[in-house]
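Subject: Structure for your files, with notes on cavities and core

Hello,

Here is the structure I said I would pass on. My notes follow it, and you may want to keep the viewer open while you read them.

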Amino acid sequence: MLRKIIDNIKPNFQKGGKFSFLHSSFDAFETLLFVPNKVTTTGAHIRDSIDSKRAMAIVVIALVPALLFGMFNVGYQHFLSQGETVDFFTTFLYGLWKVLPIIIVTYATGLGIEFAVAQMRGHEVNEGFLVTGMLIPLLLPPDIPLWMVAVATAFAVILGKEVFGGTGMNVWNPALIARAFLFFAYPSQMSGDKVWISGKADAYSGATPLAEISSGNLDIVSAQEMFIGLIPGSIGETSKIAILLGAIILLWTGIASFRIMFSVVLGGLTMGWILNFIGGESIWTQVPAYEHLLMGGFLFGAVFMATDPVTASQTGTGKWVYGFLIGVIAVVIRVYNPAYPEGMMLSILLMNTFAPLIDHYVINANKKRRLKRAKIVAEQTI
């Protein structure tokens, strides 16, 4: 029935129709609901049963566990700071009431810009913001003003993606661009103890594990608490259980790269072990290597941000190098920059910049090996 309705109104949005100027917007909604009926007719192509919109939808589904837990944790932290004990549904509804407006503002701002740009260019609406619009709220503290969310989203979409040509052409991850913009433009809203708990009572600490360690409290939060996630932090980054559920979905469906996820974790552990062995004046050198994976946005970044197929390395070997360096640099920033213990954002953005260079050297190395093999075979044949 829905297909028939769309087919009946479709001529109005095609060339010559009275709403032809809205063709890009109509096409976006149609292809979101149904698989496009356009197929390639020339050349050799590898065909798959999934298109980019479906791939993006799977990523959104993988983010749902972190989103739902984040909503509950926002309510839990609020009532805990107030010294109140309430039931599960009251806790979750409070979190829903705080988080849902952030999601709505993000999607309204980002999609509004995407649709406007597509209409002006006469292009199809890119589907990349389906994921970006969910990632941005999960990277933010629950008490952030909504107007800041709108400004950061607009900055990320316009200057982080559209100026490069839209989805598939951007150099840096747009969601991280939004968070970086807020961090450097409005640092008081992205750091400190107040912002991580909605409606925090003044007498309650509200510090994240990263902040606690930076202030010298090494054992204030246990590894078990950080793994479960009932701690202050960004909306989607606290529960490692929820993040791992998302990782399983992404790996099982083949959407994300196992090489990148595993190498990010390996890089973080390796650098953590090295710093534990070397030691030093910084209290961070005493943090067990595995705890670096449980703090802040390390695991969230490894699963959902570093694996972005547009901004990550494309070659097999390049993915190992790219991911490993992300993990190493994140821990180095965390240990040696006391003013910014959460280094995952900067680490991923830095390696986004160098991902094409990594692939360049990997491809050149492969070419040299093949030419050398071909030369040896030619000499043996002669």
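Between which two domains does the largest cavity lie, and why? Domain 2 (54–202 + 211–255) and domain 3 (257–382) each contribute residues to the lining, so the largest cavity lies between them. Please keep in mind that this is a predicted model.

Overall picture

The protein chain has 15 helices and zero strands. Of its 382 residues, 49% are buried. Among contacts in the chain with a separation of 6 or more, 71% are between residues 24 or more positions apart.

Cavities

Searching the whole structure gave two cavities of 30 Å³ or more. The largest cavity has a volume of about 100 Å³. Its lining is made up of Leu-139, Leu-176, Arg-179, Glu-237, Gly-297, Phe-300, Gly-301, Met-305, Glu-342, Met-344, Met-345 and Ile-348. Three elements give two or more residues to this lining: helix 7 (174–185), helix 13 (298–305) and helix 15 (344–381). By residue type, the lining of the largest cavity has seven nonpolar, two polar and three charged residues.

The second largest cavity comes to about 60 Å³. Around it are Gly-70, Asn-73, Val-74, Gln-77, Pro-142, Trp-196, Ile-197, Ser-198, Gly-233, Ser-234 and Ile-235. How many charged residues are in the lining of the second largest cavity? There are no charged residues in that lining, which divides into five nonpolar and six polar.

Nonpolar core

The largest nonpolar core holds 93 residues, and the members that touch the most others are Phe-300, Phe-304, Met-305 and Tyr-322. Helix 3 (residues 52–81) supplies the largest share of this core, with ten residues. Domain 2 (54–202 + 211–255) and domain 3 (257–382) both give residues to the core, so the core, too, lies between them. Two of the residues just named, Phe-300 and Met-305, also appear in the lining of the largest cavity.

Which residues does Phe-304 contact, apart from its neighbours within four places in sequence? Phe-304 is in contact with Ala-62, Leu-63, Leu-135, Ile-243, Gly-246 and Leu-250.

Two buried positions

Thr-153 sits in helix 6 (residues 146–160). Is Thr-153 buried or exposed? Its relative accessibility is 0%, so Thr-153 counts as buried, the cut-off being under 20%. Sequence neighbours within four places aside, Thr-153 contacts Thr-106, Thr-109, Gly-110, Phe-129 and Ile-136. Measuring from C-alpha to C-alpha in the model, Thr-153 and Leu-182 are 9.7 Å apart, with their positions 29 residues apart in sequence.

Gly-268 belongs to helix 11 (residues 258–278). With a relative accessible area of 0%, Gly-268 is buried as well. Setting aside neighbours within four places in sequence, its contacts are Phe-298, Gly-327, Val-328 and Val-331. Gly-268 and Val-332 are 64 residues apart along the chain, and their C-alpha atoms are separated by 9.0 Å.

If you open one view, I suggest the largest cavity, with domain 2 and domain 3 on either side of it.

Regards

Note on methods. Residues are numbered from 1 along each chain as its sequence is written. This is a predicted model: local features need pLDDT of at least 70, side-chain atom pairs count only at pLDDT 80 or more; totals for chains, interfaces and linings use all residues. Side-chain values use heavy atoms; hydrogens and water are left out. On a 1 Å grid over the protein atoms alone, a cavity is a set of points where a 1.4 Å probe fits but cannot get out, and a pocket is an open set with protein on both sides within 12 Å along at least five of seven lines; lining residues have an atom within 4 Å of a point. Grid points are joined across faces, edges and corners, and a volume is the space filled by probe spheres set on the points. Helices (H or I, at least four residues) and strands (E, at least two) are DSSP runs, numbered from the N terminus. Ala, Val, Leu, Ile, Met, Phe, Trp, Tyr, Cys and Pro count as nonpolar, Asp, Glu, Lys and Arg as charged, and the others, Gly among them, as polar. Domain bounds come from an automatic or database domain assignment. A nonpolar core is a set of buried Ala, Val, Leu, Ile, Met, Phe, Trp, Tyr and Cys residues joined through side-chain atoms within 4.5 Å. Buried means under 20% relative accessible area, exposed over 50%, partly exposed in between (1.4 Å probe, protein chains only). Contact means heavy atoms within 4.5 Å.
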